[in-house]
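Please examine the pocket and the aromatic contacts of the protein shown here. The paragraphs that follow lead through these two topics in turn.

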Amino acid sequence: MQLKVDSLRADAEAPPPADETMQLKVDSLRAGHASKSGMPDLPARSARRRKAPPSVLVRIAAVLRPLLAPAAARLAPLVEGVTPYARKLRPLYPRPGRTGWRRWIPSWRQSLGAVLSSLGLTSLLLTIAYAATDIPDNLNTYATQQDNVFFWSDGTPMARTGWVQRQEMPLKDIPDDVRWAVLAAENASFYSDPGISVSGIGRALWRTVGEGDTQGGSTITQQYVKNVYLSQDRSVGRKFTEAMIALKLDNKMSKDKILENYLNTSWFGRGTYGIQRAAQAYYGKDVRQLNASEAAFLASLLKGAGLYDPVRSQENHDRAVERWEWILDRMVDLGKLSPTERATYKSFPEPLKQSRTYDTGKQSDYLVELATQYAKKTAHISDKEFDLGGYQIYTTFDRTREAELTAAVAKARKEAKRDSPARAKTAHYGAASVTADGRILAIYGGPDHRIQGFNESNATTVPAGTAFVPFVYAAALEHGVTKTRDGIAAPVTPDTVYNGDNAIAVTTPEGPYWDRSGKQVKARNDGEKDWGQISLRTALAQSVNTTFMQLGMDTGLPNVRKTAEAAGFLPSSFGRQVPELSLGSATPSALRMATGYATFDADGKHTEPYSVSRITRNGSKVALDRPKPRTAMSAETARAVTEGLTESYRLAHDTDAPGTATVAGKAGTTQDDTAAWYVGTNKSVSTAVVVYRIDLTKSLEPLPLKGVAGPNATDAPYDIWFRAMSPLG
C-alpha cells in the first residue's frame, strides 16, 4: 500500500514533459526576431556589457571560501556519519500517525532543529558581517570642522570665524559632573556595554518600521558612529551598519576616547557642536566652569535641542525642567551625585536668552584679518589647516584702546561731514597703536570691512611728509655728514648748525643738485619762513624743511633709507633716492610709522610689530615664531631724537599734557596737501594717525585735503591721536 501511495504521489508531483515542438517554435521565433532586428544574440550582447561590481554575497563568499575549505575537508567524514540521523529531522507532511490539525504541527525535534539552525545561521551571518565591516576613514565634515576663536589681550573672546561653531576639548578638561550627566541621560551602562544595545536596537527598528517617534535606544558609541560616519536617515540598513561599526569601534578605541569624541561632535542646538561651544552658547562660560545642575540641562539637549531649549516656548521650558530633574535624580541613583548636593539644586538653571556668539563685524573684521595673516605666517599654518578650525588665537589687541581709537575716528568723521560734507565722502582715516616691544594694541582699518575691504592702518597709500624727518635726523647722528669730495664723514650732534632759510638750493660736494628737468632743487618751509642758522635739535622741533633736505643729502640718501628700514619701514615703501626722500616721499602705513617712532622710544631697539601672542589648538600649544628685538640705532641716537620730538610736542601742545608727562610727537604734512599725519609716543605706546582723500570710484590718486583735516592741516590727526592716547602721563 505504501509503495502504491508513493508511486501515485511521485506521478502526481512529476512535472509534465515539455512540449519540444512548442519549445523549438519559441526558440525559432526568438532567433528570427533577433536576426531581423539586427540585434546580436544574448551571449554577444552580455559580453559587451560593463562588468557589474560584485554583490555583497559574492564578496562574502570570496572571503569565506579560502577560510572554510580546509574545515570542510576535515568535517566531511563527520557529516557522512550524521547524515542518516539528520534525515530523521526531515519533516514529513502531513505527519504520519497523526490526525486532524495535529498532522501539520512539527515535532519537538523538528522545532528544536529549526531554532538551533536559525541561531547558528544568524550567528554565522553576523560574524561574516562583522568581519566584512570596516571603520570608514572619511568623517562627516560637520563632525570634524571647528571654528577659530580670537581673544582680546585680556583673554576675553573677541570674534570667531568658520561655518561651524565647534571647539574640541580633551576629556581631562571636562568635569566628571558633566560626563556623568551625559551618561546618566544617554547611556548609564556605557563603560560596561559592548558598544551596542540589543534591546535598544530592537525598539529603534520597531519605531523605524512602524513610523513611530525618532527616539532610538542607541548607546553613546552608536550615536557617535551616526554623528561622524553615517547619515541621519532612518532605515533598517543604516541601523544595522551603525551597530556593526559600533561593535568594531568599541573593540579598537578606548571608552574614554569614544566619550571624548562624542562630547565634541554632538549637536546641542543654537548652532553649536560639542560641549564646549554649548557651554558658551547657553551659559556664557567654559565647560570647566559648569556645575552638575547646568551639565544636566545641557545633557537634556541631546534628546532633541529643538524640544528642550527653554527659551523657545513654555512647552519647551516644561520639558526641559522635567528632563533636568530626571537626570539629576538618575545621577544620584548611579552614585555619581550625592543626595546632599542634589538637594542644593532646587531651581532650574535658566540659560542665556541669547547665545553669546562672537561674530565679526565692523572694526573686529580688520583685527581678525590682521591676526589671521600673522598667525598663518608665524605658526606655519596652511589655509587648509586653518579652515578646518580648532584654533584659539590670543591677540595683542587691547579692548579699551581699540574702543577709544574707534570712537576718536568716528568723531573726526562726524566733524568732517559737518564742515565739509562733499569732501568728507572721499576722506580716509588710518591709525595704529604699537608698544615699544612690538605689540599691536589697536588699529583703525576703515568704517566697515563689509563695505571697505582693505585695511587703512596697513595701507601704503600716501607719503609720510614731514613726519619722516626724525629718521633723517637719526641717520645723520648715526653716520655723520659728508660735505667735501674726499668722502670723509664729519660727526653730527643735536647742536650742529644748518641754514634754515626758505628756498635755499640743495647742494652736493660737487655743487648744486639739478633735477631731470634741468631745474635746481630747492626746499621750502611752511609759511615761506626764514629761520637763519639753526641747530638740528631746534630744526626738528620747528619742522624746518630746508634744513632736513640738505641734511639728508649730506648724510647720504642710502644711509637715510637704511636707518628708516632698520626702524621698521618696509623697503617697498621707498621710491627713487632723490632729495625729496628726506621730506617724506616714502609711503609707509600708519602701522609702520607707529613702529618707527616706537623704535626711538625703545632706545633704538626695533621689534617687528605683531598681533598674536600665542596660539593653541584644542588646548594644545602651537609653536609660534615670536619676533626678537634687534638694534636699529644706538641708544644715544634714539634718545637724542626722542628729546627733539618731546620739544616738538611741547612747542605745539604745551597745555595738553601735565608737566611731568613724557610725550614725544610730531605732525606731518606734504607740500601738495594730500596727507596729514600725527605720530607720537607716551608711556611706551606709539600711535600714528593719517588722514587723506581718495575717490576710489575714479582712481587711487590722492586728492588735496582742502580743509577735511581741519583749519590747520594736522588738526584732525592730532585730535584723533590725543583722544586715543588720553590720559597722557
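**A pocket lined by two domains, and the aromatic pairs**

In this predicted model, the lining of the second largest pocket takes at least three residues from domain 1 (146–161 + 359–463 + 588–628 + 667–728) and at least three from domain 3 (465–586). The volume of the second largest pocket is about 990 Å³. Its lining comprises 40 residues, of which T466, D526, S543, N545 and T669 are the closest to the centre.

Several elements of secondary structure give two or more residues to this lining: the helices α22 (536–542), α23 (545–555), α26 (635–653) and α27 (715–725), together with the strand β17 (663–669). The largest share, 5 residues, is that of β17. Sorted by class, the lining residues of the second largest pocket are 17 polar, 13 nonpolar and 10 charged.

The second topic is the aromatic side chains. A pair of aromatic rings is described by two quantities, the distance of the centres and the angle of the planes. Across the whole structure, a search finds 25 aromatic pairs.

One of these pairs is formed by F471 and Y597: the ring centres are 6.0 Å apart and the planes stand at 70 degrees, so the arrangement is edge-to-face, for which the angle must be over 60 degrees. This pair links distant parts of the chain, since F471 belongs to helix α21 (residues 469–479) and Y597 to helix α25 (residues 590–601), with their positions 126 residues apart. Both F471 and Y597 are buried. The two residues also belong to a cluster in which ring pairs link F468, F471, F569, F574, Y597 and F600.

How are the rings of Y718 and W721 arranged? Their centres are 5.8 Å apart and their planes are at 25 degrees, so this pair is stacked, a class that requires an angle under 30 degrees. Y718 and W721 are 3 residues apart in helix α27, which means that about one helical turn separates them. Both Y718 and W721 are buried. Helix α27 is thus met in two settings: among the elements that give residues to the lining of the second largest pocket, and as the helix that holds this stacked pair.

Charged side chains also lie over aromatic rings. K255 is placed over the face of F190, at 4.7 Å from the ring centre. Likewise, K483 lies over the face of Y498, and here the distance from the ring centre is 4.3 Å.

Key
Residues are numbered from 1 along each chain as its sequence is written. This is a predicted model: local features need pLDDT of at least 70, side-chain atom pairs count only at pLDDT 80 or more; totals for chains, interfaces and linings use all residues. Side-chain values use heavy atoms; hydrogens and water are left out. On a 1 Å grid over the protein atoms alone, a cavity is a set of points where a 1.4 Å probe fits but cannot get out, and a pocket is an open set with protein on both sides within 12 Å along at least five of seven lines; lining residues have an atom within 4 Å of a point. Grid points are joined across faces, edges and corners, and a volume is the space filled by probe spheres set on the points. Helices (H or I, at least four residues) and strands (E, at least two) are DSSP runs, numbered from the N terminus. Ala, Val, Leu, Ile, Met, Phe, Trp, Tyr, Cys and Pro count as nonpolar, Asp, Glu, Lys and Arg as charged, and the others, Gly among them, as polar. Domain bounds come from an automatic or database domain assignment. Rings of Phe, Tyr and Trp (its six-membered ring) pair if their centres lie within 6.5 Å; planes under 30 degrees apart count as stacked, over 60 as edge-to-face and the rest as tilted. Buried means under 20% relative accessible area, exposed over 50%, partly exposed in between (1.4 Å probe, protein chains only). A charge sits over a ring if NZ of Lys or CZ of Arg is within 6 Å of the ring centre and within 35 degrees of the ring normal.
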